[in-house]
Every structure is written in structure tokens, then in C-alpha cells.
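User: Please take a close look at one part of this model, a glycine in a loop and the sheet beside which the description should continue. A connected account would be preferred to a list.

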Amino acid sequence: MSSDDIKRPSRRGLVTAATAAVLLGGIVVGYGFVGRAESKQEVTQWTQTQAVPTVALAELSPGSGHQTLTLPGNIQPFNRGAIYARVNGYVKSWDHDIGRPVKAGQVLATIDAPDLDQQLSQAKATLASVKANEKIATLTANRNNVLVQKQIVAQQLADQTAADAAAKKAVVDANEANVRQLEAMQSFKTLAAPFDGVVTARNVELGMLISSGGSGPPLFEVSDLHRVRIYVQVPQSFSAGLTPGMKATFEMPQYPGVQFDAVLSHISKAINASSHSMQVELQADNAAGKFFGGSYCNVHFELPTDPHLVTLPSTALVTGNQGTKVAVLDSNDKVVLRSVQLGRDLGDSVEVTAGLSPSDRIVNNPPETLASGETVRVAAATPQPAAPASPAPPSKPSQP
């Protein structure tokens, strides 16, 4: 092909091609700027999103109208008599061992007291002697009173014999009182039950030396178990909810799963300074004889509570120098640090008696840097996995 056959491009075509190239380059550059701007905006949005903390909400449990308070109790007999000796001597006999029921006045043991017997015999002999002296002195005084009227003896002698008779009468009275005292001591040679009950302790043996007084263990112990008293130490924070006549239940280890009824009968109305608790007394009927003195039991009280009480996890609390607070979210998901008043500590949860309502949204495990007025994002609740269905029991084979 010759050079004449090749057409030279026109000027207009060159201008058109150059313009198209410029437009194409502009479009490429424009798309680059737009993509860059979009990437920068995405990074900015991601950074702002990451700057907003994500928090989880705590589950609140509204309080009921009452709460169960369980405390240890000590069961004691309705009446308990510790019997000691009032005279010195030796055990002559005993009639009732532990576990035996006894009636009021029934003899438990007899003491042989030879020293007391001799003292009584001597006192009676002395009384007889002073009575004889008093009789002679009285006769002499009466005789002298008659003779002084006849002016046979002097008035002074009559007065002396009258005074001597009065003195002898006083000696007789003193000796009679001594005899009565020793006779009363004789009655203490017999140990008797003070009331109907059961012998719960016996510390005597035949021939044992007995000393009077209350030192050492009692010789016998009689317990009235037709009713029992239950003593409980109630913490000061729960003492205001107790009133006489309140119903309660209690459990005993030897009767698992069985609850017995009791009634709050007495309140000491005094707080123990060392334990900051108040002693109360409950009573329970023991017609079946299941309860014994000194037994341990768990007493359950149903106490009225504040209807505004709320229970929340312990992890939702924020402690600091300004007291205990919780992070509450408002309608715009902004944090408000609110002071609360705590009640019982239940371990993994606590009771809030003031400062919250069941409808509040509380942040669980709030970050230390969380401040009042800060906006947060609430994490979506994790759905609870459904409990697997229990397999159906295998069908029973049919009888041939």
C-alpha cells in the first residue's frame, strides 16, 4: 500500500478523541474520590459506633407481699424443774428413772439424814425441859401475885417472879420454833416432782452422799413437755415485722419434710448488744410427744415486706465514695446514676428497698468509666435455648 492510500485523521476527529479521553479520565478520578469519601465515612461511622459502649440489662424481680425468714431455734420444755437436796445425808432409795412420767407430788427419792434426826430429837428434849421450867416459873409468879395482895410477900418479889415466868415463856417459844424448823427440814428428806411431767435427768445412786445446796448437777430434772417453748434470735433488721400471735412453722432434722405449727407468744423487746438480735419465744403443742428439750429446729417466719421492694443481681451495683448506686437508662438510652438503699444480701442478688421500681432499666456489669449522661447501646437479648424434649417412655409390650 502506498502512502497516498493512508488517510490522515481529521482535526475534528482528534479533538473528539481527546475530549472523550479527558472525560473518561475525569470519570475515573471522580469515582476514585467518591469511593474514598465513602470509605472515610464508613470508617468514621465505625469509629463512632465503637465509641458508644454496649451494655446488657439486668433482670429485676419485683418483691412480693411477704418474705420467708428462716432462723435456727432452740426447743425447751414448757416447764423444767431442777431438783436439789435441802438436807445432808445418803440416798436411801430412788423410784423413777429417766423417761418415766410422774405426777405432781410423786416421790422421786428418799434421803436418810441421821444427823437431822438427832438434831430434831435433841430439840424436842430441850423443848420439854424449857416447858417444865416455864411451868414452874408461871406457878411461882401466880402464887406470889396472890400473896402480894395479902401483903405476905413484897411487890418486888412478885415482879421478879412474873418477869422470870415471861422469860421462860419466850425460851419455850424459841425452842418450839426450832422444833418446827427441824420438822420442816425432815420433809425435805423426800424428793418429789413439782408438777406433772417426765423425768429427764437422774444423778443419784443408792448410798450416795448428798450435800444440801444448789452446787453441782441437780439430783433429778423433771420436764413438762405437754407444750414446748422455742427460742429464736431474730436480727434487728427484721424485728419490726414480728408481733405476738403471729403464725410460724418449724422443721426438725429427725422428721425430714414435715412442718409443725407454732405461735409467736413473747417478744423480749431488747436488742442484744453483742449479736444485735432480739430473742423471741414461740410455743407449740406437743400432745404427740415428738419434741424434746434442747432440740434444734429451723423456724420459718412469713414477714410482710414493702411492695416497692426490688431484687436485682449484685453485679449491677456501683459502689463508691458516694454510696451504692445503679446505672439506670432513660428513654433515650442515656445513663443516670441513681442512689439506692439496700436490704438483704442474698449472695448473687440483693434487695433494693428504695430508689428503684420494677419498670426501670438497669445496666448489668456497668464499666468503671460509665458516667451519668453518657449514651449507651443496649445489647440484644440472647434467646434462651429451648429445653430438649424428654424422650417418650418406651411402650409397654403387649401381653401375648
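Analyst: Glycine 105 touches Ala192 and Ala193, leaving aside residues up to four places away in sequence. The model is a predicted one, and the values given here are computed from it. Glycine 105 lies in the loop between strand 5 (101–102) and strand 6 (107–112). Its C-alpha is 8.8 Å from that of leucine 191, although the two residues are 86 apart in sequence.

Leucine 191 falls within strand 7 (190–192), an edge strand. The open sheet consists of four strands in the order 7-6-4-9, with antiparallel pairing. Strand 7 and strand 9 (209–210) each have a single partner strand, so one side of each is left without a neighbour in the sheet. At the strand 9 end, strand 4 (residues 89–94) pairs with strand 9 in the antiparallel sense over two bridges. Within this pairing, tyrosine 90 stands opposite leucine 209.

Helix 2 (residues 114–149) comes after strand 6 (107–112) in the sequence. Helix 2 has 36 residues and reaches 53 Å from its first C-alpha to its last, close to the 52 Å expected at 1.5 Å a residue. The buried residues of helix 2 include Leu116, Leu120, Ala123, Leu127 and Val130, and also Glu134 and Asn144. Helix 3 (155–187) is what the buried residues of helix 2 pack against. Just after helix 2, glutamine 151 adopts a positive phi of about 60°.

Key
Residues numbered from 1 in each chain as written. Predicted model: local features only at pLDDT ≥ 70, side-chain atom pairs only at ≥ 80, totals over all residues. Heavy atoms only, no water. Expected span 1.5 Å × (residues − 1). Buried < 20%, exposed > 50% of the residue type's maximum accessible area, 1.4 Å probe, protein only. Contact = heavy atoms within 4.5 Å. Pairing = 2+ DSSP bridges.
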